[in-house]
Amino acid sequence: MEASATDVALERARALMVPEASARAEPATDVGYADLLGDGVPSTGPTQDLMTSRLVPQIYERWWRPALGRVAKGVTGPGMAEEVRIARLLMALSHGDTVLDLACGTGNFSREFSRAVSDSGLVVGVDASRTMLERAARELDRSELGNLALVRASGDGLPFRDDSFDAVCCFAALHLFAEPFAALSELTRVLVPRGRIAIMTSVRREITLPPLKPLMERTSGIRLFESNEIVAALQMRGFDEIHQRLAGMVQFVGARLGAA
């Protein structure tokens, strides 16, 4: 039997994995993604719980993500199509690139990245939510893209070898991670020297009073990063050419990893 496009893309992704993970990443014909997590993934709060529910993945691309993004970015902030363009520009994507999309959700950005890098490139979408990846797999099947693999894995323990990706992306998710800076270290580890990173995450602006920050974080499970936290974290990990753009309570940050 001829292998499906999904399985072909997964085989290409397995070649980037550490041996133990590659051995467990079975062909994804039945569910459309490789599951390396199993059960018992801890939650960071109510917002992340919604991402693993059955409802939110069904409305994520059309309603949920655009609506929340508009609230967070403000009326003058970039829309969804502009977000995709920003991510592509920050990663400087070109044909043949290998790209990691961490916290890919339903795969809307991953699919656009796949088109940008062409069939000679590869995009690996990683998420911890089964329900998000189930929806991503259905959308991927409809798109007929043959260069996108979906993997269920943790951001603070990526299953890939060092120096595996030309570009890495984490949009609208780092603030939900239990260990966001561990995830940044993992993204750095799997990125090739002079590779590019693109991040969209929260930022605390002057309008957010410092005493309210812990309360907001506890009740929502969303971390509010200080305006210099992500930039400083990237500098500590050897990135340069750092660019930051603020829009409401959101920041877009892009950078290039230093040479080895």
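Q: Leaving aside neighbours within four places in sequence, which residues is Val124 in contact with?
A: This is a predicted model. Val124 is found in strand S3, residues 122–127. Val124 is buried, at a relative accessible area of 0%. Beyond four places in sequence, its contacts are Ala13, Val99, Leu100, Asp101, Ala149, Val151, Phe160 and Phe165.

Q: How many Å apart in space are Val124 and Leu100, C-alpha to C-alpha?
A: Leu100 is among the contacts of Val124. In sequence the two residues are 24 apart. In space, C-alpha to C-alpha, Val124 and Leu100 are separated by 5.0 Å.

Q: Which residues touch the most other members of the largest nonpolar core?
A: The core in question has 41 residues. Leu100 has contacts beyond four places in sequence that include Val126, Leu158, Phe165, Ala167 and Leu187. Phe160 is also on the contact list of Leu100. The residues touching the most other core members are Leu100 and Phe160.

Q: How many residues are in the second, separate core?
A: In soluble globular proteins, nonpolar side chains tend to be buried together. Here a second core is separate from the one around Leu100 and Phe160. Its members include Ile86, Leu140, Leu150 and Cys169. Its size is 29 residues.

Q: Why is the pair of Phe160 and Phe165 edge-to-face?
A: The count of aromatic pairs comes to five. In the pair of Phe160 and Phe165, the ring centres are 5.1 Å apart. Planes over 60 degrees apart count as edge-to-face. The pair is edge-to-face because its planes stand at 90 degrees.

Q: What is the angle between the ring planes of Phe171 and Phe252?
A: Phe171 and Phe252 form an aromatic pair, 5.8 Å centre to centre. The pair links distant parts of the chain, with Phe171 in strand S5 and Phe252 in strand S8, 81 residues apart. The pair is tilted, and the angle between the planes is 55 degrees.

Q: Are Phe171 and Phe252 buried or exposed?
A: Both belong to one aromatic cluster with Phe109 and Phe113. The cut-off for buried is under 20% relative accessible area. Phe171 has 6%, and Phe252 has 2%. Phe171 and Phe252 are therefore buried.

Q: Where is Glu144?
A: Most residues other than glycine have a negative phi. Glu144 has a positive phi, near 65 degrees. At 70% relative accessibility, Glu144 counts as exposed. Its place is the loop between helix H7 (130–143) and strand S4 (148–152).

Q: Where does Ser118 lie?
A: Ser118 is not a glycine, yet has a positive phi of about 65 degrees. Helix H6 spans 108–117. Ser118 lies in the loop between helix H6 and S3.

Q: Over which residues does pLDDT stay under 50?
A: The protein chain averages a pLDDT of 84, and 77% of the residues score at least 70. Where pLDDT is low, the predicted coordinates should not be read in detail. One stretch has twelve contacts beyond four places in sequence in the model, despite pLDDT under 50. That stretch is residues 215–220.

Q: What percentage of the residues in the protein chain is buried?
A: The protein chain has ten helices and eight strands. Among contacts between residues at least 6 apart in sequence, 70% join residues at least 24 apart. The chain holds 260 residues, and the buried share is 50%.

Definitions and conventions. Residues are numbered from 1 along each chain as its sequence is written. This is a predicted model: local features need pLDDT of at least 70, side-chain atom pairs count only at pLDDT 80 or more; totals for chains, interfaces and linings use all residues. Side-chain values use heavy atoms; hydrogens and water are left out. Helices (H or I, at least four residues) and strands (E, at least two) are DSSP runs, numbered from the N terminus. Buried means under 20% relative accessible area, exposed over 50%, partly exposed in between (1.4 Å probe, protein chains only). Contact means heavy atoms within 4.5 Å. Rings of Phe, Tyr and Trp (its six-membered ring) pair if their centres lie within 6.5 Å; planes under 30 degrees apart count as stacked, over 60 as edge-to-face and the rest as tilted. pLDDT is the predictor's confidence in each residue, from 0 to 100. A nonpolar core is a set of buried Ala, Val, Leu, Ile, Met, Phe, Trp, Tyr and Cys residues joined through side-chain atoms within 4.5 Å.
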